Structure formats: structure tokens, C-alpha cells
Amino acid sequence: MDQFAREQLILGKEGLDILHGSRVAVFGIGGVGGYAVEALARSGIGTIDIVDDDRVCLTNLNRQILALRSTVGHLKTEVCTDRIHDINPDCQVNAHNTYYLPETRDEFDFSEYDYVVDAVDTVTAKIDLVMACAETGTPMISCMGAGNKLHPEMLMIADIYDTSVDPLARVMRRELKKRGIKRLKVVYSKEKPIRPKEDMAISCRAHCICPPGTRHKCTERRDIPGSSAFVPPAAGLLMASEIVRDLVHFDQK
């Protein structure tokens with residue numbers, strides 16, 4: 001019995017063959033991207049590129065699938081590679097222990113990807129990923145704000161220019177319009193973000209616990225967002241489901 005037998009009952013053998021032959025790149029494998037990778041691996045994607053230079057932190061345990069007590073301090077790309085291979089040993093994993101920015105774009109050939117997942121945190125990186133994919137005509141899906149929210153049922157898929165409420169989406173709309181980008185598929189929510197109630201007794205600013213070797217610490221951010229155990233994972237799973245359906249053209253059948 002094949003491990004993808006239950007999926008084949010829905011997608012058919014032709015659909016599974018398409019997924020087995022597809023290559024998807026996931027930029028950022030934290031709360032959102034980690035769950036996207038999980039679902040893509042379990043769906044039978046043949047090749048997965050994972051891009052992140054972070055290490056698992058104790059504060060990741062409440063929402064990131066790669067975060068366990070046993071993985072704290074380990075590189076996320078290494079933990080993720082092992083997990084993918086434990087799910088599907090036949091999946092080819094290309095791990096990039098890199099923080100994606102315009103300066104690192106040349107490390108990637110976007111024309112080789114069948115789909116790109118944007119689950120990074122910074123606007124600069126997000127915009128550059130969109131531009132890179134636009135140049136090669138590579139399909140992509142981008143996650144808007146998943147922090148400071150408590151309602152996963154309010155997440156939805158839309159074009160960036162049809163979004164509202166989400167502060168990150170507002171910035172992205174403005175910047176992408178300047179650059180002539182006509183459309184971008186995103187996951188976003190109309191839930192109004194909750195203002196974080198920073199408590200200096202537990203704040204990373206006063207009690208940084210990032211593992212040794214961490215290159216980009218939370219303390220470097222202007223704001224440290226709160227996060228739940230269900231909104232980021234739901235966003236990642238929603239992105240993966242959209243990718244699978246797009247690759248096999250399921251909604252067009």
C-alpha cells in the first residue's frame with residue numbers, strides 16, 4: 001500500500017504524479033512556513049526547497065511545528081530536512097541556510113520552481129520575492145500578517161488588491177502598485193490585530209534567550225508580535241492547500 005493512497009482517492013494517479021514531479025520553494029519555515037512545508041511533504045511534493053537561517057528558539061514552541069524541546073538551538077533547515085525525510089524519504093530537500101534579501105536573490109533560480117511560498121517576515125524580502133517571481137513567471141502565494149491574531153476561521157485567500165484591514169497587506173498593496181505588479185495571491189485576515197501587551201518581566205528585550213549563533217534576533221525588531229498556536233499554522237496549511245490544488249488544476253476540473 002502506498003502512503004499516498006488516501007490522497008490518490010481524491011486527486012487520482014495523474015494528480016499525484018504531478019505533485020511528485022513538482023518543485024516548491026518555501027521561504028521562511030517558522031510558524032507559517034513550517035506548517036506549509038509539513039502539508040506539502042505529506043502531499044507528496046517531489047522536491048522542496050527550504051530557506052531560513054534561524055535556529056529553533058524556546059519561544060517558538062507555542063506555534064512552530066519544528067519546535068520541540070529536543071530541537072531548541074538547532075538550525076531550522078536541519079530540523080526541517082530530517083522531518084521531511086521522516087515523512088517521505090523520496091522527497092528531495094534543498095536546504096538553504098540563508099536569510100533571504102535582495103542581496104541573496106542570486107543564490108536562487110526562480111525559473112526552476114513550480115511554486116513559491118512567501119512566509120518571510122520583512123516587507124523588503126516579500127517585495128523582492130514578488131519581483132523575482134514576476135521576472136520568471138513563477139506562481140507564488142504570500143502570507144500577510146499572522147501575528148497578534150486569534151481567529152484562524154477569518155483567514156482567506158484573495159488577490160492583494162482585494163485585501164483590507166491587514167496593515168501588512170496595506171503596505172504591500174502600495175509598494176507593489178509602485179512597481180507595476182498587477183496581481184498577487186495572498187493569505188490574509190480581516191481580523192483587526194490585537195495590540196501586544198508587552199511585559200518586560202518576560203520580554204525578549206530584557207531576557208533574550210536566542211540560541212548561540214542566532215543571526216537575526218527578536219530584539220532587533222521594532223515590535224515583537226504576539227502569536228497563537230492556531231493562526232500561523234492555519235495560514236500555512238491554507239497556503240499549502242492552494243498550491244496543491246493549483247498544481248493539479250483541481251478547482252478547474
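Ala, Val, Leu, Ile, Met, Phe, Trp, Tyr, Cys and Pro count here as nonpolar, Asp, Glu, Lys and Arg as charged, and the others, Gly among them, as polar. By that scheme, the lining of the largest cavity divides into seven nonpolar residues, one polar and two charged. The model is a predicted one.

**The cavity**

One cavity of 30 Å³ or more is present in the structure. The space in the largest cavity comes to about 40 Å³. Its lining consists of Gly 34, Val 37, Glu 38, Ala 41, Ile 65, Leu 66, Cys 80, Arg 83, Ile 84 and Ile 87. Two or more of these residues are given by each of the helices α2 and α3.

**The second largest pocket**

The second largest pocket has a volume of about 290 Å³. It is lined by 16 residues, and the closest to its centre are Thr 138, Met 140, Arg 183, Leu 184 and Lys 185. Two elements, α4 and β6 (155-159), give two or more residues to this lining. The largest share, three residues, is that of α4. The table sets the two linings side by side by class.

| Site | Volume | Nonpolar | Polar | Charged |
|---|---|---|---|---|
| Largest cavity | about 40 Å³ | seven residues | one residue | two residues |
| Second largest pocket | about 290 Å³ | nine residues | three residues | four residues |

**Strand β4 and its neighbours**

Strand β4 covers residues 115-118. Tyr 115 and Val 117 point one way from β4, Val 116 and Asp 118 point the other way, and all are buried. Strand β1 (residues 23-27) pairs with β4 in the parallel sense over four bridges, and in this pairing Val 24 stands opposite Tyr 115. Strand β5 (residues 140-143) also pairs with β4 in the parallel sense, over three bridges; here Asp 118 stands opposite Ser 142. Helix α4 (residues 123-136) joins β4 and β5 in a right-handed β-α-β unit.

**The largest nonpolar core**

In soluble globular proteins, nonpolar side chains tend to be buried together. The largest nonpolar core of this model has 43 residues. Those with the most contacts inside this core are Val 24, Leu 40, Ile 84 and Val 117. At least two residues each come from α1 (5-20), β1, α2 (33-43), β2 (47-51), α3 (76-87), β4, β5 and α6 (231-247). Helix α6 gives the most, with seven residues. Two of the residues with the most contacts in the core also appear in other parts of this report: Val 117 is one of the buried residues of β4, and Ile 84 is among those lining the largest cavity.

**Two residues with positive phi**

Most residues other than glycine have a negative phi. Asn 148 has a phi near 60 degrees, a positive value, and lies in the loop between β5 and β6. Val 165 has a positive phi of about 75 degrees and lies in the loop between β6 and α5 (167-178).

Is each of these residues buried or partly exposed? The cut-off for buried is under 20% relative accessible area, and partly exposed lies between that and over 50% for exposed. Asn 148 has 17% relative accessibility, so it counts as buried. Val 165 has 39% relative accessibility and therefore counts as partly exposed.

Methods: Residues numbered from 1 in each chain as written. Predicted model: local features only at pLDDT ≥ 70, side-chain atom pairs only at ≥ 80, totals over all residues. Heavy atoms only, no water. Buried < 20%, exposed > 50% of the residue type's maximum accessible area, 1.4 Å probe, protein only. Pairing = 2+ DSSP bridges. Right-handed = clockwise from strand over helix to strand, strands pointing away. 1 Å grid on protein atoms, 1.4 Å probe; cavity = no way out; pocket = protein on both sides within 12 Å on 5 of 7 lines; lining within 4 Å. Points joined across faces, edges and corners; volume = space filled by probe spheres on them. Core = buried A, V, L, I, M, F, W, Y, C linked by side-chain atoms within 4.5 Å.
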